[in-house]
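Me: I should like a close look at a single part of the structure shown here, followed by an account of how that part sits within the whole.

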Amino acid sequence: NLKLQVDFAKGRFDPKDVYADFAVRKGWFHVRLGQFKKPFSRQLVTSDSKASFAERSLADKRFGGGERDVGVMVHNDFQKADGLEYGLALVNGSGSKPDYTGGVSVDLTTGEGQLESLGGSNVPDRLDPMLVGRLGFNLGGVKSYEPSDLSGGSDKGFALAGAALLEFDADD
């Protein structure tokens, strides 16, 4: 599978998910290469369109280590797994937020600005490797990554998972 998700907000080209996902053994062992969401928490890997709230939790912001990063991940297609789910990623650690540079000249009489140059890149400029892992178990139909069930269905389910994040801090 190939995925390309780009954000054009604010007139910028901001790649979100850009990866190739190879199923070595479908539903059990997949390899993902590129820029993707780190497999830290259920809330972090849930699609924004399925989120119940506009903002992520404070715990995700504090311990999630950023949402997306560049690297390689092995997983069992955990977003669709019923039963055991896992994901283990080795990522750069610098995140995917682009750095923008540029200059504006301002006409002092009118106060209007003219864009002279604009440059930007989300290519990592430092190495700060991070290992991110998630292991969980879903029972009773809790296999769709939606933080809440608004359908009113009668299916009962249970999910339990743990995650760890290890920063190697190679740049300091």
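Which side chain meets that of Asp17 in a salt bridge, and what is the N to O distance? Please treat the strands around this pair in some detail as well.

Reply: This is a predicted model, and what follows should be read in that light. The partner is Lys3: its side chain and that of Asp17 meet in a salt bridge, with an N to O distance of 3.3 Å. Asp17 belongs to strand 2 and Lys3 to strand 1, so the salt bridge ties together parts of the chain that are 14 residues apart in sequence. The two residues can also be described by their accessibility. Asp17 has a relative accessible area of 4% and is therefore buried, the cut-off being under 20%. Lys3, at 33% relative accessibility, counts as partly exposed.

Asp17 has a further partner. Its side chain also meets that of Arg68 in a salt bridge, here at 2.9 Å from N to O. This pair links distant parts of the chain, since Asp17 lies in strand 2 and Arg68 in strand 4, 51 residues apart. Arg68 is buried, as is Asp17. Taken together, Lys3, Asp17 and Arg68 are linked in a network of salt bridges.

The strands that carry these residues can be followed through the pairing. Strand 2 spans residues 14-25 and pairs with strand 3, residues 29-37, in the antiparallel sense over seven bridges. Within this pairing, Phe22 stands opposite Val31 of strand 3, and Arg25 stands opposite Phe29 of strand 3. The hairpin formed by strand 2 and strand 3 has three residues between the strands, and Gly27 in this hairpin takes a positive phi near 80°. Strand 3 is in turn joined to strand 4, residues 68-75, by eight bridges, and these two strands run antiparallel. Val31 stands opposite Val74 on the strand 4 side; on the strand 2 side, Val31 has Phe22 opposite.

The wider setting is an open sheet of seven strands in the order 1-2-3-4-5-8-9, with antiparallel pairing. Its edge strands are strand 1 (2-7) and strand 9 (158-167), each of which pairs on one side only. Neighbouring strands of the sheet are turned by 15° against each other on average, direction ignored. As for side chains in general, those of a regular strand alternate between the two faces of the sheet.

Another salt bridge occurs elsewhere in the sheet. Arg134 forms a salt bridge with Glu85, the closest N and O atoms being 2.9 Å apart. This pair, too, links distant parts of the chain: Arg134 is in strand 8 (residues 130-139) and Glu85 in strand 5 (residues 84-91), 49 residues apart. Arg134 and Glu85 are both buried. The structure holds four salt bridges, among them the pairs Asp17 with Lys3, Asp17 with Arg68 and Arg134 with Glu85.

For the chain as a whole, the secondary structure comes to two helices and nine strands. The elements run β-β-β-α-α-β-β-β-β-β-β from the N terminus on. The chain has 172 residues, of which 30% count as buried. Of the contacts between residues at least 6 apart in sequence, 59% join residues at least 24 apart. The accessible surface of the chain comes to about 11,100 Å², and 58% of this belongs to carbon and sulfur atoms.

Technical notes:
Residues are numbered from 1 along each chain as its sequence is written. This is a predicted model: local features need pLDDT of at least 70, side-chain atom pairs count only at pLDDT 80 or more; totals for chains, interfaces and linings use all residues. Side-chain values use heavy atoms; hydrogens and water are left out. Two strands pair if DSSP finds at least two bridges between them. Helices (H or I, at least four residues) and strands (E, at least two) are DSSP runs, numbered from the N terminus. Buried means under 20% relative accessible area, exposed over 50%, partly exposed in between (1.4 Å probe, protein chains only). Contact means heavy atoms within 4.5 Å. Accessible areas come from the Shrake-Rupley method with a 1.4 Å probe; for residues, only the protein chains shown count as cover. Axes are lines fitted to C-alpha atoms, for helices over the stretch in contact, and angles run from 0 to 180 degrees between N-to-C directions.
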